[in-house]
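Good morning, and thank you for the opportunity to present. I would ask you to look at the sequence and the structure together as I speak.

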Amino acid sequence: MESVSRSNASWKTIDLVYCGLFATLMMIGANITSFAPFLTVGGVPITLQTFFAVLAGLVLGKKRGAIACTVYMLIGLAGAPVFAKFSGGFSAILSPTFGFIATFILIAYVAGVIVEKYQTRIAFIVAALVATVLNYILGTNWMYGAYKFWASAPDEFSYGMAWLWMIPPMPKDFVLAIFAGIFAYRLQKVLKILPVK
């Protein structure tokens, strides 16, 4: 009985370590251009928040992946400067781009659901792409609503313009999603968190 309880305690510790690790990676990914200024293309900073959120779901599974993203979001809302441009605080909820942060929890969960059911390389890539599409759809709609209802937007701002703003980072995020799927599939074979075939 003692060995069983030790095993359970060890597993819970591993869960905490993994969730903390991915929350930390998201903090770094949000401000990666502060450490590597060359990762700015056409004036658009290349952040890695979405990449690590997707990776959390693929590597940790739906539950732990969603928890890691929740921890990241709560740390930021508590005031730690972990969001993009080293921002943080509860007022971040009013930011037009907060919808992307909020959806990290959902996309990690969705990616985890898919790879827990289908453990093939293709499934990992598809899960990453589906999660990225969800992030864009929900995040962009949040941004549009924010600009229309409580944030100041140009008079000519439209739903189509909101999507035009998303075009510059889109290729980067979808390329990274494919890479996340391939990388997570290989990583699973080492970490064995999920039963990858």
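Helix α3 is mostly covered, with 22 of its 29 residues buried. Please keep in mind that this is a predicted model. The helix runs over residues 49–77, and its end C-alpha atoms are only 16 Å apart, whereas a straight helix of 29 residues would span 42 Å at 1.5 Å a residue. Where does α3 bend? The bend is at glycine 61, and its angle is about 135°. Just after α3, glycine 79 takes a positive phi of about 120°.

Let me now place this helix in the whole chain. The protein has 7 helices and 2 strands, and along the sequence the pattern reads α-α-β-β-α-α-α-α-α. Of the 197 residues in the protein, 43% are buried. If we take the contacts between residues at least 6 apart in sequence, 69% of them join residues at least 24 apart.

A pair of residues may serve as an illustration of separation in sequence and in space. Glycine 20 belongs to helix α1, which covers residues 2–30. Glycine 20 and valine 71 are 51 residues apart in sequence, yet their C-alpha atoms are 7.8 Å apart in space. Is glycine 20 buried, partly exposed or exposed? Its relative accessible area is 30%, and therefore it counts as partly exposed.

I turn next to the interior. In soluble globular proteins, nonpolar side chains tend to be buried together. In this model, the largest nonpolar core has 43 residues, and those with the most contacts inside it are Leu55, Leu58, Tyr72, Phe83 and Phe104. Which helices each supply at least two residues of this core? They are α1, α3, α4 (98–117), α5 (121–149) and α7 (170–191). The largest share comes from α3, with 14 residues.

Phenylalanine 104 deserves a closer look. Leaving aside its neighbours within four places in sequence, phenylalanine 104 is in contact with Met26, Gln49, Thr50, Ala53, Cys69, Tyr72 and Asn135. There is also a second, separate core of 6 residues, which includes Tyr136, Phe157, Ala162 and Met166.

Two of the residues just named, Ala162 and Met166, return in the surroundings of threonine 140. Threonine 140 is located in helix α5. Its relative accessible area is 0%, so threonine 140 is buried. Not counting residues up to four places away in sequence, threonine 140 touches Phe100, Asn135, Ala162, Trp163 and Met166.

We come now to the empty spaces. How many cavities of 30 Å³ or more are there? The count is 1. The largest cavity holds about 30 Å³ of space, and it is lined by Thr50, Phe51, Val54, Thr132, Asp173, Leu176, Ala177 and Ala180. Both α3 and α7 supply at least two residues of this lining, and the largest share, 4 residues, comes from α7.

The largest pocket holds about 860 Å³ of space. It is lined by 29 residues, and those closest to its centre are Thr47, Gln49, Ala84, Thr97 and Phe100. Two or more lining residues come from each of α2 (32–35), β2 (44–45), α3, α4, α5 and α7. Which element gives the most to this lining? That element is α5, with 4 residues.

Finally, I draw your attention to the loop between α3 and α4, where lysine 85 is found. Lysine 85 has a positive phi of about 60°, although it is not a glycine. With a relative accessible area of 78%, lysine 85 is exposed. Phenylalanine 86 lies in the loop between α3 and α4 as well. Although it is not a glycine, phenylalanine 86 has a positive phi of about 55°. Why is phenylalanine 86 classed as partly exposed? The reason is its relative accessible area of 43%, since partly exposed residues fall between the limits of 20% and 50%.

To close, I return to helix α3. It bends by about 135° at glycine 61, it is mostly covered, and it supplies the largest share of the largest nonpolar core. Thank you for your attention.

Note on methods
Residues numbered from 1 in each chain as written. Predicted model: local features only at pLDDT ≥ 70, side-chain atom pairs only at ≥ 80, totals over all residues. Heavy atoms only, no water. Buried < 20%, exposed > 50% of the residue type's maximum accessible area, 1.4 Å probe, protein only. Expected span 1.5 Å × (residues − 1). Bend = angle between axes of the 7 residues up to and from the residue. Core = buried A, V, L, I, M, F, W, Y, C linked by side-chain atoms within 4.5 Å. Contact = heavy atoms within 4.5 Å. 1 Å grid on protein atoms, 1.4 Å probe; cavity = no way out; pocket = protein on both sides within 12 Å on 5 of 7 lines; lining within 4 Å. Points joined across faces, edges and corners; volume = space filled by probe spheres on them.
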